[in-house]
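Open your viewer and get ready to click around. We'll go stop by stop, selecting a piece and then looking at what is there.

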Amino acid sequence: MSPADQDTLILARHAAAGRWDAFAKQLRLSAARARRDGDLWLADQLNDIASNTRPMPRSSSGRPSAAGAPAHRPVYTPQVERELERIVGEHEHMGPLREHGLTASNRILLTGLPGTGKTTFARTLADRLHMEPHTVQLEETISSRLGATLKNIAAMFDRIETTGGLLFVDEADSLLARRDNQHDVAEMRRATNLMLQRIEQA
C-alpha cells in the first residue's frame with residue numbers, strides 16, 4: 001500500500017468515527033509529506049482544510065498552534081530568529097531548491113544549558129513547518145537488555161520516516177557516547193554509531 005493510500009485509509013477511519021482532531025492532525029502530516037516532496041500547492045491546500053476542519057487552539061498571536069507548540073511566541077535573539085526563519089524559508093521553497101540540486105536543512109544541533117529553550121525552539125520549529133513534534137527522552141531508548149537499545153533506536157527512526165514529523169532527541173550528549181571511549185560498553189558504542197548513521201541518512 002502506497003503512503004497516499006495509507007493516508008486515505010487513516011483519514012477515512014478518523015472521519016467515520018468523528019475524530020476530527022485526529023483527522024486534522026493526519027491532514028497536517030500528509031501536508032508535511034507533500035511539502036517534503038516539493039508539492040507546495042497540495043501542502044497548502046491540505047493545511048487549509050485541516051485548519052477549517054475544526055477550530056484549533058490558538059496562541060496569543062492568533063495563529064493556529066500545532067500540538068506541542070508553545071502557547072506564546074518565544075522571544076529569541078536576532079541570531080536565533082534569523083536561523084529559525086532561514087530553516088522555515090528553505091522548507092517553504094523546496095521546489096526551487098530541488099531544481100538547483102539543493103535540499104532544505106533537515107537536521108540541526110541545539111546547544112545550551114538546561115532551561116535555555118532548546119525544547120521550546122524545537123516545538124516552535126515544528127509548528128512553523130506544520131510538522132508533528134516527536135520528543136525522544138533518554139529512558140525511552142536505552143535498555144539494559146542486550147540489543148534492545150539498537151532496536152529502539154531503529155524503530156524510532158523508522159516510525160518518523162513512516163509517519164513524518166520533526167524528531168527532537170533531548171539531551172543527546174547523554175545518549176551519544178564518544179566512539180573512541182574505551183570505557184564505554186560495546187553496546188553503547190554500537191548505539192552511538194547507529195544513531196549518527198540514521199541522523200546522517202535522514
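Here is the tour, starting with the whole chain and then moving through some of its helices.

This is a predicted model, in which local features need pLDDT of at least 70, side-chain atom pairs count only at pLDDT 80 or more, and totals for chains, interfaces and linings use all residues. Residues are numbered from 1 along each chain as its sequence is written, and side-chain values use heavy atoms, with hydrogens and water left out.

**Stop 1: the whole protein**

Show the cartoon view. You should find ten helices and two strands; these are DSSP runs numbered from the N terminus, with helices being H or I of at least four residues and strands being E of at least two. Reading from the N terminus, the order is α-α-α-α-α-α-β-α-α-β-α-α.

How many of the 202 residues are buried, as a percentage? Buried residues account for 35%, where buried means under 20% relative accessible area, exposed means over 50%, and partly exposed is in between (1.4 Å probe, protein chains only). Now turn on the surface: about 12,400 Å² is accessible, and carbon and sulfur atoms hold 55% of that (Shrake-Rupley method, 1.4 Å probe).

**Stop 2: helices 1 and 2**

Select residues 3-17 for helix 1 and 20-36 for helix 2; the two pack at an angle of about 165 degrees, with axes 8 Å apart. Axes here are lines fitted to C-alpha atoms, for helices over the stretch in contact, and angles run from 0 to 180 degrees between N-to-C directions. Helix 1 and helix 2 are therefore roughly antiparallel (over 145 degrees; under 35 is roughly parallel, 65 to 115 roughly perpendicular, and the rest oblique).

Show side chains next. Residues of helix 1 including Ile10, Leu11 and His14 meet residues of helix 2, among them Trp20, Phe23 and Leu27; contact means heavy atoms within 4.5 Å. By class, this contact has eight nonpolar, three polar and two charged residues. Ala, Val, Leu, Ile, Met, Phe, Trp, Tyr, Cys and Pro count as nonpolar, Asp, Glu, Lys and Arg as charged, and the others, Gly among them, as polar.

**Stop 3: helix 6 and its cover**

Jump to residues 118-128. Eight of the eleven residues in helix 6 are buried, including Phe121, Ala122 and Leu125. What covers them? Add helix 4 (78-92), strand 1 (133-136) and strand 2 (166-169), which are part of that cover.

Helix 4 and helix 6 pack at about 35 degrees, with axes 10 Å apart. Look for Val80, Leu84, Glu85, Ile87 and Val88 of helix 4, which meet Phe121, Thr124, Leu125 and Arg128 of helix 6. Sorted by class, that contact has six nonpolar, one polar and two charged residues.

**Stop 4: His130**

Click on His130, in the loop between helix 6 and strand 1. Its phi is near 55 degrees, a positive value in a residue other than glycine. Is His130 buried or partly exposed? At 26% relative accessibility, His130 counts as partly exposed.

**Stop 5: helices 8 and 10**

Finish with residues 148-163 (helix 8) and 186-201 (helix 10), which pack at about 15 degrees with axes 9 Å apart. That makes helix 8 roughly parallel to helix 10. Side chains to show include Leu150, Ile153 and Phe157 from helix 8, along with Ala191, Leu194 and Met195 from helix 10; these belong to the residues where the two helices meet. The contact of helix 8 with helix 10 divides into ten nonpolar, one polar and five charged residues.
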